[in-house]
Amino acid sequence: MPVGSLDITFYRDDLSTLGPKPVVQEKEIGFEIEDKNIVLVDDVLFTGAPLAPRSTLFSPTAGRRRVQLCVLIDRGHREIPVEATFVGRNVQTTTSEVIEVKLTEIDDAEKYC
C-alpha cells in the first residue's frame with residue numbers, strides 16, 4: 001500500500017510555536033490517487049484549517065476517490081466543517097490550551113500532554 005505526505009506547515013493551528021521562520025518541506029504524494037481509497041492521518045484535529053491544502057485531493061479533474069480522516073486526538077473547536085472517520089481519543093480543551101503528541105520514534109516518549 002503506497003504512503004505519501006503533504007506539507008501543511010503554513011496552515012497549522014500551532015504555527016506560532018514553530019518559531020519565526022518555519023521550514024516548508026517539498027513533498028509529493030508520489031503515486032496516482034485516482035480511483036483510490038485515501039486515508040489522511042494527522043496527530044491532532046483542532047480547527048480543521050490544516051485540511052485546506054489537502055483540498056487538491058477533491059479536485060473535479062482528479063477522478064473519483066474515497067477520502068477519510070484518521071486522527072490520534074480530536075479536541076473540537078472546528079472552524080471548517082470536517083469530521084474524522086477514525087479517532088483515537090476525544091479530548092475536551094479550551095481554545096487556548098495546547099496538546100502535544102509525543103512518539104517514541106521522534107521524541108523518545110509515547111504520550112500526549
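These exercises work through the core, the salt bridges and a surface patch of a predicted model.

**Exercise 1. Identify the residues of the largest nonpolar core and the strand that supplies its largest share.**

Step 1. List the members. The core has eight residues: I33, I38, L40, L45, L51, L69, V71 and A84.

Step 2. Look at the strands. Both β1 and β2 (66-74) supply at least two residues of this core.

Step 3. Rank the sources. β1 gives the largest share, three residues.

Step 4. Take one member, L45, and set aside neighbours within four places in sequence. Its contacts include the core residues L51, L69, V71 and A84. Among its other contacts are I73, D74, R78 and V82.

**Exercise 2. Find the salt bridges and classify each partner as buried, partly exposed or exposed.**

Step 1. Count them. There are two salt bridges.

Step 2. Take R78 and D74. Their closest N and O atoms are 2.9 Å apart. D74 has 11% relative accessibility, so D74 is buried. R78 has 27%, so R78 is partly exposed.

Step 3. Take E100 and K102. Here the closest N and O atoms are 3.4 Å apart. E100, at 40%, is partly exposed. K102, at 25%, is also partly exposed.

**Exercise 3. Describe the nonpolar surface patch that contains V39.**

Step 1. Name the members: V39, V41 and F86.

Step 2. Give the area. Together they have about 270 Å² of accessible area.

Step 3. Place V39. This residue lies in strand β1, residues 37-45.

Step 4. Check its exposure. V39 has a relative accessible area of 44%. Patch residues need over 30%, so V39 passes that cut-off.

Definitions and conventions
Residues are numbered from 1 along each chain as its sequence is written. This is a predicted model: local features need pLDDT of at least 70, side-chain atom pairs count only at pLDDT 80 or more; totals for chains, interfaces and linings use all residues. Side-chain values use heavy atoms; hydrogens and water are left out. Patches are made of residues with over 30% relative accessible area and no salt bridge: like charges are joined within 9 Å, nonpolar side chains (Val, Leu, Ile, Met, Phe, Trp, Tyr) within 5 Å. Accessible areas come from the Shrake-Rupley method with a 1.4 Å probe; for residues, only the protein chains shown count as cover. A salt bridge is a side-chain nitrogen of Lys or Arg within 4 Å of a carboxyl oxygen of Asp or Glu. Helices (H or I, at least four residues) and strands (E, at least two) are DSSP runs, numbered from the N terminus. Buried means under 20% relative accessible area, exposed over 50%, partly exposed in between (1.4 Å probe, protein chains only). A nonpolar core is a set of buried Ala, Val, Leu, Ile, Met, Phe, Trp, Tyr and Cys residues joined through side-chain atoms within 4.5 Å. Contact means heavy atoms within 4.5 Å.
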